[in-house]
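These are my notebook entries on one protein. I set down what I looked up, in the order in which I looked.

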Amino acid sequence: MFRFHKEGNTSILLATLICITLVALVYGRVFDALFGLQVVLAALSVILLGFMLQFFRNPARPLPKLDEGVVYVPADGKIVVIEEVEEPEFLQERCIQVSIFMSPFNVHVNRNPVTGQVLYSKHHPGKFLMAWNPKASTENERTTIAYKAPNGQRLVFISPVNKRTL
């Protein structure tokens, strides 16, 4: 069963309507003089629809065994940074930061990385800078969640939030 993230509903619906309209124009040859342009636009709309479906997909990710001592990867992507940093918002101490870059081809759904108690949660309104911008992690819209794991360890998870659709 295909599942899609709810934030993508509007984009997927719009892309589907554009795709159906342009394919119908090509199939019906409504404007024969523009037939070549119609074919190009219909092909582009099918590509757009495919991208929307791929981008907003939300596959089930069952864990083989839930282990309270494990920090699970919260997102698809590539680990681009593992470094010691000062965490200023909740822990207010030095800690290890693991940063994951999600390309447009990755599933853009973040999941809870640990079991435990939520100690802190805050939404930060902000910008929508491209991920490679050095200021993106501090100026973009995001949500910070701090957890206390069953072993007592405290973790902070910062998740990008994008309420805008493509």
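Entry 1. Where is the place of Q92? I found Q92 in the loop between strand 1 (78-87) and strand 2 (93-101). Strands are DSSP runs of E with at least two residues, helices are runs of H or I with at least four, and both are numbered from the N terminus.

I noted that the model is predicted, that local features need pLDDT of at least 70, that side-chain atom pairs count only at pLDDT 80 or more, and that totals for chains, interfaces and linings use all residues. Residues are numbered from 1 along each chain as its sequence is written, and side-chain values use heavy atoms, with hydrogens and water left out.

I then looked up the backbone of Q92 and found a phi near 50°, a positive value in a residue other than glycine. Most residues other than glycine have a negative phi. Q92 counts as exposed because its relative accessibility is 56%. The cut-offs are under 20% relative accessible area for buried, over 50% for exposed, and partly exposed in between (1.4 Å probe, protein chains only).

Entry 2. I turned to F90, which has its place in the loop between strand 1 and strand 2. F90 has a relative accessible area of 21%, so I entered F90 as partly exposed. Which residues does F90 touch, not counting those up to four places away in sequence? I listed L119, Y120, A146, R154 and V156; contact means heavy atoms within 4.5 Å. I also recorded that F90 and T144 are 54 residues apart in sequence and 8.9 Å apart in space, C-alpha to C-alpha.

Entry 3. I located K122 in strand 3 (residues 117-124). K122 counts as partly exposed because its relative accessibility is 40%. Leaving aside neighbours within four places in sequence, I found K122 in contact with E89, R142, T143 and T144. From K122 to A146 I recorded 9.2 Å between C-alpha atoms, with their positions 24 residues apart in sequence.

Entry 4. R142 was one of those contacts of K122, and I looked it up in turn. R142 is found in strand 4 (residues 142-148). Is R142 buried or exposed? I entered R142 as buried because its relative accessible area is 16%. Beyond four places in sequence, the contacts of R142 include H123, H124, I158 and V161. S159 is also among them; R142 and S159 are 5.6 Å apart, C-alpha to C-alpha, and 17 residues apart in sequence.

Entry 5. I next looked for nonpolar cores, which are sets of buried Ala, Val, Leu, Ile, Met, Phe, Trp, Tyr and Cys residues joined through side-chain atoms within 4.5 Å. The largest has seven residues: I12, A15, C19, L49, M52, F55 and F56. Helix 1 (9-28) and helix 2 (35-55) each supply at least two residues of this core. A second, separate core has six residues, including V114, Y147, A149 and L155.

Entry 6. Last, I looked at the whole protein. How many helices and strands does the protein have? I counted three helices and five strands, in the pattern α-α-β-β-β-α-β-β along the sequence. Of the 166 residues, 27% count as buried. The C-alpha trace spans about 70 × 35 × 25 Å along its principal axes.
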